[in-house]
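Thanks for coming, everyone. I'd like to walk you through one structure today, a piece at a time. Have a look at it first, and then we'll get going.

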Amino acid sequence: MPAVASLASTTAAITTYSFVSSAHPPCTNCTCATSIALHPRILSPSKNLPLTTLHKLTAFRVKAMAEIPSTPAIDSNASLSGKKQALISLSDKRDLVLLGNGLHELGFTIISTGGTASSLESSGVPVTKVEELTRFPEMLDGRVKTLHPNVHGGILARRDQQNHMKALDDHGIGTFDVVVVNLYPFYEKVSSSSGISFEDAIENIDIGGPTMIRAAAKNHKDVLVVVDSNDYPALLEYLKGGQNDQEFRKWLAWKAFDHVASYDSAVSEWLWKQTSKDKFPPSLTVPLSLKSSLRYGENPHQKAAFYVDKSLEEVNGGGCATAIQHHGKEMSYNNYLDADAAWNCVCEFSKPTCVVVKHTNPCGVASREDIIEAYRLAVKADPVSAFGGIVAFNVEVDEALAKDIREFRSPTDGETRMFYEIVVAPSYTKKGLEILRGKSKTLRILEATKNKRGKLSLRQVGGGWLAQEADDLTPEDIEFNVVSKKSPQENELSDAKFAWLCVKHVKSNAIVIAKNNCMLGMGSGQPNRLESLRIATKKAGDEIKGAALASDAFFPFAWNDAVEEACKSGVGVIAEPGGSIRDADAIDCCNKYGVSLVFTNVRHFRH
C-alpha cells in the first residue's frame with residue numbers, strides 16, 4: 001500500500017448528541033453545486049473519460065500552449081473499452097498541475113469543471129469540460145453543473161453488476177475511476193475576521209462537491225476518491241503500480257466521508273447560530289482534528305492522542321491546544337491538562353502575574369508590577385509542590401525573567417535549582433527564549449494566546465457529554481456584599497477579590513488564603529471543607545494574620561467548624577458565596593471574632 005498521509009494529519013469523527021472527531025481539513029475545498037433532474041431524452045450518448053491510475057507525484061514539464069492537444073473526444077463506451085477517466089473539481093487548486101500531468105501521463109482522460117478546467121488548460125494539461133459530458137450548460141451561477149446522470153452514473157455504477165454496466169452502455173455513459181474533489185471554503189469564509197453576509201455564506205455552501213465525494217466514497221471498490229492534495233502522491237503511486245489494494249481504497253473513502261462530515265458540521269454550527277441564540281442546540285457535532293499521538297495517557301498503560309477542536313466557536317479562541325511549542329520534549333497527556341490549568345488561571349489576572357500549577361491545581365499565585373518578584377513569590381507559596389510543576393506568566397518573558405527562571409534556587413534549601421516541566425507565556429523575547437532553552441533539553445516552552453470568553457465547556461461522562469457555559473466571571477462581574485458588622489479595609493477587600501479569583505481554579509472543596517496579591521496557602525480536593533481549610537492555614541503559616549480567605553462554596557457549619565477555625569487562625573476577611581441555611585451562624589461567628597465577612601452570591605465548584 002502506498003505511503004499515505006500520517007495519522008497525525010487525519011481526522012476522526014465523534015458525535016455527542018452527535019460528537020464528531022474529524023479533522024477539519026485545511027478546508028479550502030469544494031466544487032460544484034445543486035442539480036436538476038434532466039429528462040432522459042436530452043441525454044445524448046457521451047464520450048467518456050478514462051479512469052485514474054496514479055503514479056508518483058513528480059514535477060512534469062508544462063507543455064507550451066501550442067502543444068496543447070485538442071479537447072479529447074468523449075468515448076461513450078469508455079466503460080467497456082478499458083479507457084480510464086478522472087473527474088477533477090477543486091476549489092483549492094494546490095498541486096493541481098502536478099496531479100493533472102500525473103494522470104495524463106498515466107493515460108487518463110480528465111473531465112473537469114469551470115475554474116479547475118481553465119487552470120488545467122492554461123497549464124497545458126488536456127482536459128474535457130464537464131458540460132461536454134453532460135451535454136448541458138452550467139447554470140444558475142454555477143449551482144447546477146455536475147448533478148447529472150452522465151456524471152453520477154459513471155461514479156456510482158458497480159463494475160461487478162452486469163445490469164449496472166448495461167444501463168451505462170444503453171445510455172452512453174462512461175465510468176469514472178478517479179474522483180478528486182474538494183469543497184467551497186465555507187469554513188474559511190464564515191470564520192474570516194472581515195465577516196460575511198448571510199447571503200454570501202449561503203452561496204458558499206457546496207452541494208455538488210459533497211454529492212460527488214459521497215458517491216465516489218460509497219463506490220470506493222471501483223472509484224478512488226481524493227479530497228486532500230497531500231494524498232496526490234500516494235494516489236499517483238498507487239495507480240502507477242496498477243495495484244488493487246482495497247484497504248487503500250477504504251482509507252480514502254473514510255477520509256472522504258470524514259471530510260464531508262466535517263464540512264457539514266461547520267454549516268450546521270453556523271446556521272444554528274443564525275437561527276437561535278440558544279447555546280445548546282438539539283444536536284451537537286464537534287469536529288476534532290488529530291494533532292498528535294501521545295506516548296500514553298494519564299498512565300503508561302493507557303493509549304492516548306490529542307485533538308484540536310475545529311468548531312467555528314474555537315476560531316481564534318486561544319488556549320493551549322493551539323499553543324506554539326518552542327522547545328522541549330513532546331507534550332504528554334498530563335502536560336496538556338496542567339498547562340491548560342496554569343494558562344487559564346494566569347489569564348484571569350490583569351496585573352503582571354505568575355501562576356505555578358501542580359496536578360491542575362494552582363499552588364502558587366502572585367501579582368506584582370515586577371514580574372520577577374511575582375515569580376519568586378508564587379514559587380515561595382509552596383516550593384515543594386512547585387518543583388516539577390508548570391509555570392505560567394501573563395506577560396512576555398524577557399532576558400531578565402528567563403535568567404531568574406533558569407537560576408532561581410528553591411526557597412526550601414536555597415541551593416536546589418528549581419525544575420519545571422513547562423513554561424507558558426503569551427510571548428518571549430529572542431534572548432529570553434535562548435536563555436530558557438539553555439535551562440534544560442526537556443523543558444517545554446509554550447507560547448499561547450488568551451482563551452476567548454463565552455465558550456461552551458464540554459466534559460465526557462460514561463455514555464454522554466455534559467455541556468455548560470464556561471465559568472468566566474471575574475471580581476469585576478460580581479458584588480462583594482458585606483454581611484458582618486466589621487467592613488473590610490480597602491486592602492483587605494482587594495485581597496479577598498484576589499483570593500476569590502484564585503479559588504475558582506482550585507479543585508473543590510477549595511480554600512485559598514492570600515495577602516498583598518499573593519497566595520499564601522491553598523487546600524484542594526478534600527471531601528470536606530474543614531480539611532481543605534486546615535491544609536491552607538498550615539501552608540500559610542504565620543503570614544495568615546490579617547489575610548483574606550476565599551471559599552469556593554458556602555460553609556455548611558460555622559461553630560466548632562471551618563468558619564470558627566478560620567477566625568481563630570487570624571484571617572481578617574472571609575469571602576464565600578453564602579446560601580447556607582446556617583449563614584446566620586457564619587455571620588455571628590465572624591462578628592464574635594471581629595472578622596469581616598462578604599458574600600459573593602457566586603459559587604465556584606470545580607470537579
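I'll go through some helix packing, then two sheets, then a couple of single residues. One thing up front: this is a predicted model.

Okay, helices. When two of them pack, we describe the pair by the angle between their axes and the distance between those axes. Let's start with helix α9, residues 208-218, against helix α11, residues 246-275. The angle there is about 150°, and the axes are 9 Å apart. Anything over 145 degrees counts as roughly antiparallel, so that's what we call α9 relative to α11. The crossing of α9 past α11 is left-handed.

Who's touching whom? From α9 you've got Pro 210, Ile 213, Arg 214, Ala 217 and Lys 218, and they meet Ala 253, Ala 256, Phe 257, His 259 and Val 260 of α11. Sort the residues of that contact by class and you get seven nonpolar, one polar and two charged.

Now α9 has another partner to show you, helix α5, which covers residues 149-156. Those two pack at about 25°, with 8 Å between the axes. Under 35 degrees counts as roughly parallel, so α5 and α9 get that label. On the α5 side we have Val 151, His 152, Ile 155 and Leu 156; facing them from α9 are Thr 211, Met 212, Ala 215, Ala 216 and Lys 218. By class, this contact comes to six nonpolar, two polar and one charged. If you're keeping track of Lys 218, it's in the contact with α11 and also in the one with α5.

On to the sheets. Here's an open one with six strands, in the order β9-β14-β13-β12-β10-β11, and the pairing is mixed. Which strands sit at the edges? β9, at 319-327, and β11, at 361-367, each pairing on one side only. From one strand to the next, the twist averages 25°. At the β9 end, the pairing with β14, residues 444-449, is antiparallel and runs over four bridges. If you want a spot to find by eye, look for His 327, which stands opposite Ile 445 of β14.

There's another open sheet of six strands, also mixed, and its order is β17-β22-β21-β20-β18-β19. Its edges are β17, at 481-482, and β19, at 519-523. β19 runs antiparallel to β18, residues 511-514, and four bridges join them. One pair to look for there is Val 512 with its bridge partner Met 522 in β19. Then helix α17, residues 490-503, packs on this sheet, touching β18, β19, β20, β21 and β22, and its direction makes about 35° with that of β20.

Hang on to Met 522, though, since Ile 535 brings us back to it. Ile 535 lies in helix α18, residues 529-540. Leaving aside neighbours within four places in sequence, it's in contact with Met 522, Gly 523 and Gln 526. From Ile 535 to Ser 524 is eleven residues in sequence, and 8.2 Å in space, C-alpha to C-alpha.

So is Ile 535 buried, exposed or in between? Its relative accessibility is 29%, so it counts as partly exposed.

Last one: Asp 404, in helix α15, residues 399-407. Buried means under 20%, and Asp 404 comes in at 11%, so buried it is. Not counting residues up to four places away in sequence, it touches Ile 372, Tyr 375 and Arg 376.

That's my tour, thanks.

Technical notes
Residues are numbered from 1 along each chain as its sequence is written. This is a predicted model: local features need pLDDT of at least 70, side-chain atom pairs count only at pLDDT 80 or more; totals for chains, interfaces and linings use all residues. Side-chain values use heavy atoms; hydrogens and water are left out. Two strands pair if DSSP finds at least two bridges between them. Axes are lines fitted to C-alpha atoms, for helices over the stretch in contact, and angles run from 0 to 180 degrees between N-to-C directions. Angles under 35 degrees count as roughly parallel, over 145 as roughly antiparallel, 65 to 115 as roughly perpendicular and the rest as oblique. A crossing is left-handed if the near helix is turned anticlockwise from the far one by less than a right angle, and right-handed if clockwise. Contact means heavy atoms within 4.5 Å. Ala, Val, Leu, Ile, Met, Phe, Trp, Tyr, Cys and Pro count as nonpolar, Asp, Glu, Lys and Arg as charged, and the others, Gly among them, as polar. Buried means under 20% relative accessible area, exposed over 50%, partly exposed in between (1.4 Å probe, protein chains only).
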